[in-house]
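Q: Please take a close look at the strand pairing in this model. Then go on to the side chains, with the cut-offs for each term.

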Amino acid sequence: MSWLSKVRNSLGNLKKRDTPDNLWTKCPGCGEMLFTKEFEDNLSVCPRCQYHGRIGAQQRFDQLLDAGYGVLAAPRVPENPLNFRDSKKYSDRLKAARAANPFPDALTNALGTIEGRKVVLGVQDFAFMGGSMGMAVGEAFVEAAERAIAENCGYVIFTAAGGARMQEGILSLMQMPKATVAIRRLARAGLPYIVVLTDPTTGGVTASYAMLGDIHIAEPGALIGFAGQRVIQDTIREKLPDGFQRAEYLHAHGMVDMVVHRKDLKGTLASLLGYLERKEVA
């Protein structure tokens with residue numbers, strides 16, 4: 001046995017210093033290593049390049065709503081209505097997603113206030129099966145719109161989705177017109193419907209309620225589109241400009257009303273709700 005092996009073996013009994021696995025976070029934008037706490041304290045925005053990281057529903061509620069908000073109950077819908085199975089049962093995939101996430105499906109709503117303005121706030125969580133739109137998401141959207149009408153307040157939704165949920169087939173696509181009808185009810189009631197597009201918002205969600213708002217806000221750098229860039233290029237056989245599906249490009253070409261940094265979202269939403277809320281005429 002070499003002397004190096006003897007030294008290594010003798011050190012084997014020493015305890016390793018406990019270091020949290022999540023002490024560091026690598027920024028996907030600039031590649032810098034950040035202290036996770038520093039990153040999270042900065043609203044999950046890189047302090048160096050301003051890359052906006054993906055966050056879940058609970059973080060959104062805590063960042064935007066005043067103290068005392070309440071999370072609305074999730075709707076009950078049939079699970080695995082098509083008895084879908086690929087390499088795993090769809091019902092097993094749902095169980096795994098629920099075990100890894102704080103809420104039972106991809107869209108969660110809460111009732112509260114933003115700087116004193118009453119609002120129903122909905123958040124799609126990309127961590128839950130890619131934020132995909134299934135029956136539960138469609139029903140949660142409709143119930144949130146109806147609650148906003150009952151509370152006489154606006155509905156603000158943060159979208160983040162890969163599109164419709166393939167495991168529910170045509171039933172997932174039916175949520176597109178269903179959500180559209182709910183938006184029309186909000187409009188008839190004279191209540192604001194504001195969409196905040198976050199990274200990524202794609203597929204059937206973009207083709208329905210994500211692009212039907214009274215006002216469309218996007219977070220910096222958010223990917224927003226229907227089909228992927230490669231699919232579009234192969235279809236039209238033309239090279240597309242760089243960043244054509246990013247928030248800034250869409251804002252420059254009139255598809256998004258404003259691009260707002262995460263730290264400014266709360267104040268911006270409060271102002272918009274104030275401008276758009278229904279006022280009694282004397």
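A: Two strands pair if DSSP finds at least two bridges between them. The strands themselves, like the helices, are DSSP runs numbered from the N terminus: E with at least two residues for a strand, H or I with at least four for a helix. The model is predicted, so local features need pLDDT of at least 70 and side-chain atom pairs count only at pLDDT 80 or more, while totals for chains, interfaces and linings use all residues. Residues are numbered from 1 along each chain as its sequence is written, and side-chain values use heavy atoms, with hydrogens and water left out.

The hairpin of strand 4 and strand 5 is the place to start. Strand 4 covers residues 107-114, and strand 5 covers residues 117-124. The two run antiparallel and are joined by 8 bridges. One of the facing pairs is glycine 112 with valine 119, its bridge partner in strand 5. The hairpin has 2 residues between the strands, and glutamate 115 takes a positive phi near 50° there. Of the 8 residues in strand 4, 7 are buried; buried means under 20% relative accessible area, exposed over 50%, and partly exposed in between (1.4 Å probe, protein chains only).

Each strand of the hairpin also has a further partner. Strand 4 pairs with strand 3 (residues 70-71) in the antiparallel sense, over 2 bridges, and here valine 71 stands opposite alanine 110. Strand 5 is joined by 5 bridges to strand 6 (residues 154-161), and these two run parallel. Valine 120 faces tyrosine 155 of strand 6. The wider assembly is an open sheet of 7 strands with mixed pairing, in the order 3-4-5-6-7-8-9. Strand 3 and strand 9 (258-259) are its edge strands, each pairing on one side only.

Strand 8 (215-218) is preceded by a loop from helix 8 (203-206), and glycine 213 is found in that loop. At 16% relative accessibility, glycine 213 counts as buried. Not counting residues up to four places away in sequence, glycine 213 touches Tyr193 and Val195, where contact means heavy atoms within 4.5 Å. Alanine 187 is 26 residues from glycine 213 along the chain, and their C-alpha atoms are separated by 9.9 Å.

After strand 8 comes a loop leading to helix 9 (229-236), with glutamate 219 in it. Glutamate 219 forms a salt bridge with arginine 60, the closest N and O atoms being 2.9 Å apart. Arginine 60 lies in helix 3, so the pair ties together parts that are 159 residues apart in sequence. A salt bridge is a side-chain nitrogen of Lys or Arg within 4 Å of a carboxyl oxygen of Asp or Glu. Both ends are buried: arginine 60 has a relative accessible area of 3%, and glutamate 219 has 2% relative accessibility.

The whole structure holds 16 salt bridges. Among them is the one between aspartate 41 and lysine 37, with closest N and O atoms 2.7 Å apart. These two residues are 4 apart in helix 2, which means that about one helical turn separates them. Aspartate 41 is exposed, at 54% relative accessible area, and lysine 37 is exposed too, at 59%. Aspartate 86 and arginine 93 meet in another salt bridge (3.0 Å, N to O). Aspartate 86 is partly exposed at 34%, as is arginine 93 at 24%. Arg54, Asp199 and Arg246 are linked in a network of salt bridges.

Helix 2 (36-41) is followed by a loop to helix 3 (57-64), which contains serine 44. Serine 44 is buried, with a relative accessible area of 11%. Leaving aside neighbours within four places in sequence, its contacts include Phe39, Tyr51, His52 and Arg262.

Strand 2 (residues 33-35) contains methionine 33, which is partly exposed at 43% relative accessible area. Methionine 33 makes a nonpolar surface patch of about 380 Å² together with Leu23, Trp24 and Phe35. Patches are made of residues with over 30% relative accessible area and no salt bridge; like charges are joined within 9 Å, nonpolar side chains (Val, Leu, Ile, Met, Phe, Trp, Tyr) within 5 Å. Areas come from the Shrake-Rupley method with a 1.4 Å probe; for residues, only the protein chains shown count as cover.

Last, the cysteines. A search of the whole structure finds 0 disulfides, a disulfide being a pair of cysteine sulfur atoms within 2.5 Å. For cysteine 27 the nearest cysteine sulfur, that of cysteine 49, is 3.6 Å away. Cysteine 27 is buried at 2% relative accessibility, and cysteine 153 is buried at 3%.
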